[in-house]
Structure formats: structure tokens, C-alpha cells
Amino acid sequence: MSIHADSAPGNGPGFHVALAAPPLAASQRAPSTALGEALVAGLEQQGFAPSTYRGEAGLDRRPDLAGLDLARVPAALVECANMADPGEARVVTDPAGRQRYAEGIAAGILRALGR
């Protein structure tokens, strides 16, 4: 689990969850996909919308992230917001906004664990 804030060009808001592609280990297939989907659901539950500029339905399969490519356990990288978007930057810099992100991510992890 890795948590970031994106620095994409200012061409859209939203979060996305990066997963390894192509999967190089069994844990990167169904287990990582289930974790990613659970994280998307947890963040949406907190009122956050998936990215309009990257990925599809909140998931972004990427071949260029060593932390995901080398993982041998379920792994995902959450890009909480596009920091180039002023509205999203305000949410990320606000303690209440960060709390919402934390609650959404925690809910996603718990959902992935079946709780």
C-alpha cells in the first residue's frame, strides 16, 4: 500500500489506484485487483470521484512502477488527488480532507480483508 498525491498536468480532478500491469507475480493478479477495487469503493464512499484524466473507473494499470512490479504480496498505489487542480489541492491540505482520505483508504483495506 502506497499513498501519494498526483502531480499530473491540471487537466482533470480525481483519484486513481495504480496496479501492476502486466502482473509479474500471482499476488498482482486477482489479489491486487481486489485490493484496488476495494480502495476505489472506500474512496467513493467518502465522496471522492475517480480520475477523469487517468485510468478507468478509478483503476490505472501501469507497467512502470517498480514498487508494484516487484511486489510479491497484493499491492496498490493510491493517487489521492491531482495536486495541479486547485480544488483538490485545497482538500489535500485541509486536515478534514486528509481525514476523509484516510477513512476511505482504511475502509478499502478493511473491505479487501473481508471485514
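**Figure 1. Pro-50 sits in the loop between H1 and strand S3 (59-62).** This is a predicted model, so local features need pLDDT of at least 70 and side-chain atom pairs count only at pLDDT 80 or more, while totals for chains, interfaces and linings use all residues. Residues are numbered from 1 along each chain as its sequence is written, and side-chain values use heavy atoms, leaving out hydrogens and water. Helices (H or I, at least four residues) and strands (E, at least two) are DSSP runs, numbered from the N terminus. Pro-50 comes out as partly exposed, at 24% relative accessibility; the cut-offs are under 20% relative accessible area for buried, over 50% for exposed, and partly exposed in between, with a 1.4 Å probe and protein chains only. Setting aside residues up to four places away in sequence, Pro-50 touches Pro-13, Gly-14, Phe-15, Glu-44, Ala-57 and Gly-58, where contact means heavy atoms within 4.5 Å. Arg-62 is 12 residues from Pro-50 in sequence, and their C-alpha atoms are 16 Å apart.

**Figure 2. Ala-57 shares the loop between H1 and S3.** What is unusual about its backbone? Most residues other than glycine have a negative phi. Ala-57 isn't a glycine, yet its phi is positive, near 55°. Ala-57 is also exposed, with a relative accessible area of 64%.

**Figure 3. Pro-22 and a cis peptide bond.** Pro-22 is part of the loop between S2 and H1. The bond leading into Pro-22 from Ala-21 is cis, with omega near -5°. For background, most peptide bonds are trans. Ser-27 lies in the loop between S2 and H1 too, and at 12% relative accessibility Ser-27 counts as buried. Its contacts, not counting residues up to four places away in sequence, are Ser-32, Ala-71, Arg-72, Val-73 and Pro-74.

**Figure 4. His-16 in strand S2 (residues 16-20).** With a relative accessible area of 0%, His-16 is buried. Who surrounds His-16? Leaving aside neighbours within four places in sequence, the contacts are Asp-6, Ser-51, Tyr-53, Arg-54, Gly-58, Asp-60, Leu-77, Val-78 and Glu-79.

**Figure 5. The largest nonpolar core, with 16 residues.** A nonpolar core here is a set of buried Ala, Val, Leu, Ile, Met, Phe, Trp, Tyr and Cys residues joined through side-chain atoms within 4.5 Å. Val-17, Leu-39, Leu-43, Val-78 and Tyr-101 touch the most other members. S2, helix H1 (30-45), strand S4 (77-82) and helix H4 (95-112) each give two or more residues to this core, and H1 gives the most, with four. Zoom in on Leu-39: leaving aside neighbours within four places in sequence, its contacts are Met-1, Val-17, Ala-76, Val-78, Ile-105, Gly-108 and Ile-109. Another core, of seven residues, lies apart from this one, and includes Ala-18, Ala-20, Leu-65 and Ala-71.

**Figure 6. Helix H3 (residues 86-93) and its buried residues, Glu-88, Ala-89 and Val-92.** Looking down the axis of H3, these buried residues fall within an arc of 105°, so they line one face of the helix; the arc is that of the directions from the helix axis to the C-beta atoms. Pro-86 and Arg-90 are exposed, on the face of H3 turned away from the buried side. S4 and H4 are among the elements covering the buried residues of H3. At the N-terminal end of H3, Asp-85 acts as a cap, with a side-chain oxygen 3.2 Å from the backbone nitrogen of Gly-87.

**Figure 7. Helix H4 along its length.** How far should the 18 residues of H4 span? At 1.5 Å a residue they should cover 26 Å, and the end C-alpha atoms are 26 Å apart, which agrees; the expected span is 1.5 Å times one less than the number of residues. Gly-97, Tyr-101, Gly-104, Ile-105 and Gly-108 are the buried residues of H4. Down the axis of H4, they fall within an arc of 95°, so they line one face of the helix. An α-helix has 3.6 residues a turn, so residues three or four places apart point the same way. The cover over the buried residues of H4 includes strand S1 (2-6), H1, S4 and H3. After H4 comes Gly-114, with a positive phi near 80°.

Methods: A polar contact is a pair of N or O atoms within 3.5 Å; within protein, one must be able to donate a hydrogen and the other to accept it, and residues adjacent in sequence count only if both atoms are side-chain atoms.
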